[in-house]
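New to this one? Here is a short walk through how some of its helices pack and where its pockets sit.

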Amino acid sequence: MTSTSMPPGLVRFNVLEEHAAFAALLDACASTAWAGRLLAGRPYAGSEDLYAASDSATAELTADDLAEAMAGHPPIGRPKPGDPTSAREQRGMAGASEDLRTEMLDLNLSYQERFGHVFLICATGRTGEQMRDAVRERIGNSPEREREIVRTELGKINRIRLARIVEEEARA
């Protein structure tokens with residue numbers, strides 16, 4: 001793939017100063033190990049190379065790395081104030097009833113008590129009811145099974161967030 005056919009955001013990402021590229025990656029995923037691995041892989045010849053590097057880095061995250069990544073995600077139904085990314089990703093909860101919001105809060109707390117971390121799901125495109133149903137289903141998982149589901153969900157989230165970087169048009 002030539003740089004003329006490369007998405008403009010990827011061209012820009014490939015040439016960003018190291019500290020700026022690292023910050024952009026940490027905005028996508030709070031794991032410093034993940035961000036470091038992706039940073040070390042630059043320049044990327046194409047979007048799929050970046051996504052494959054992300055998948056590989058996500059698969060290699062230790063339990064501590066996963067915990068660091070999850071710490072960057074707010075609970076479902078409570079996006080970070082002033083954070084357009086978490087608000088956009090959790091849009092399915094925006095119009096949820098008060099009953100559903102209360103139930104999600106209770107489920108989030110129960111999940112966190114059981115597993116010791118925030119309930120992580122790729123919320124993009126999901127309704128509040130679908131997210132509620134997912135936490136209800138997953139709360140019965142073993143910690144080992146849940147850790148693998150979390151890793152898969154994190155990988156999906158990372159790809160979506162990287163796509164926003166890759167597809168981003170030049171800033172004015």
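What follows covers three helix pairs and then two pockets.

One thing to keep in mind is that this is a predicted model.

**How the helices pack**

A quick word on the vocabulary: two packed helices are described by the angle between their axes and the distance between the axes. Here is how the three pairs look in those terms.

| Helix pair | Axis distance | Crossing angle |
|---|---|---|
| H7 (residues 98-115) and H8 (residues 128-138) | within 10 Å | roughly 30 degrees |
| H3 (residues 32-40) and H4 (residues 47-59) | within 9 Å | roughly 145 degrees |
| H4 and H9 (residues 143-167) | 10 Å | about 150 degrees |

Let's start with H7 and H8, whose axes cross at roughly 30 degrees. That makes H7 roughly parallel to H8, and H7 passes H8 in a left-handed crossing. On the H7 side, the contact is made by Leu-100, Glu-103, Met-104, Leu-107, Tyr-111 and Phe-115. H8 answers with Gly-128, Glu-129, Met-131, Arg-132, Val-135, Arg-136 and Arg-138. Sort this contact by class and you get 7 nonpolar, 1 polar and 5 charged residues.

Next come H3 and H4, with axes that come within 9 Å and cross at roughly 145 degrees. This crossing is right-handed. H3 brings Trp-34, Arg-37 and Leu-38 to the contact, while H4 brings Leu-50, Ala-53, Ser-54, Ala-57 and Thr-58. By class, that comes to 5 nonpolar, 2 polar and 1 charged residues.

H4 also packs against H9, at an angle of about 150 degrees and with the axes 10 Å apart. H4 and H9 are therefore roughly antiparallel to each other, and their crossing is right-handed. The H4 residues involved are Ser-47, Glu-48, Leu-50, Tyr-51, Ala-52, Ser-54, Asp-55, Thr-58 and Ala-59. They meet Arg-151, Leu-154, Gly-155, Asn-158, Arg-159, Leu-162, Ala-163, Val-166 and Glu-167 in H9. Here the class count is 8 nonpolar, 5 polar and 5 charged residues. If you look back at H3, you'll find that Leu-50, Ser-54 and Thr-58 of H4 also take part in the contact with that helix.

**Where the pockets are**

How much space lies in the largest pocket? About 580 Å³. It is lined by 25 residues, and the closest to its centre are Ala-24, Asp-27, Ala-28, Thr-85 and Ile-165. The elements giving two or more residues to this lining are H1 (8-15), H2 (18-28), H6 (84-89) and H9. H2 has the largest share, with 5 residues. As for the mix, the lining has 11 nonpolar, 5 polar and 9 charged residues.

The second largest pocket has a volume of about 240 Å³. Of the 15 residues that line this one, Ala-67, Met-70, Phe-115, Gly-116 and His-117 are the closest to its centre. At least two lining residues come from each of H5 (63-71), H7 and H9. The largest share, 5 residues, is from H5. By class, the lining of the second largest pocket has 10 nonpolar, 4 polar and 1 charged residues.

A couple of names turn up in both parts of this tour. Phe-115 is one of the H7 residues in the contact with H8, and Phe-115 is also among those closest to the centre of the second largest pocket. H9, besides packing with H4, gives two or more residues to the lining of the largest pocket and at least two to that of the second largest.

Methods: Residues are numbered from 1 along each chain as its sequence is written. This is a predicted model: local features need pLDDT of at least 70, side-chain atom pairs count only at pLDDT 80 or more; totals for chains, interfaces and linings use all residues. Side-chain values use heavy atoms; hydrogens and water are left out. Axes are lines fitted to C-alpha atoms, for helices over the stretch in contact, and angles run from 0 to 180 degrees between N-to-C directions. Helices (H or I, at least four residues) and strands (E, at least two) are DSSP runs, numbered from the N terminus. Angles under 35 degrees count as roughly parallel, over 145 as roughly antiparallel, 65 to 115 as roughly perpendicular and the rest as oblique. A crossing is left-handed if the near helix is turned anticlockwise from the far one by less than a right angle, and right-handed if clockwise. Contact means heavy atoms within 4.5 Å. Ala, Val, Leu, Ile, Met, Phe, Trp, Tyr, Cys and Pro count as nonpolar, Asp, Glu, Lys and Arg as charged, and the others, Gly among them, as polar. On a 1 Å grid over the protein atoms alone, a cavity is a set of points where a 1.4 Å probe fits but cannot get out, and a pocket is an open set with protein on both sides within 12 Å along at least five of seven lines; lining residues have an atom within 4 Å of a point. Grid points are joined across faces, edges and corners, and a volume is the space filled by probe spheres set on the points.
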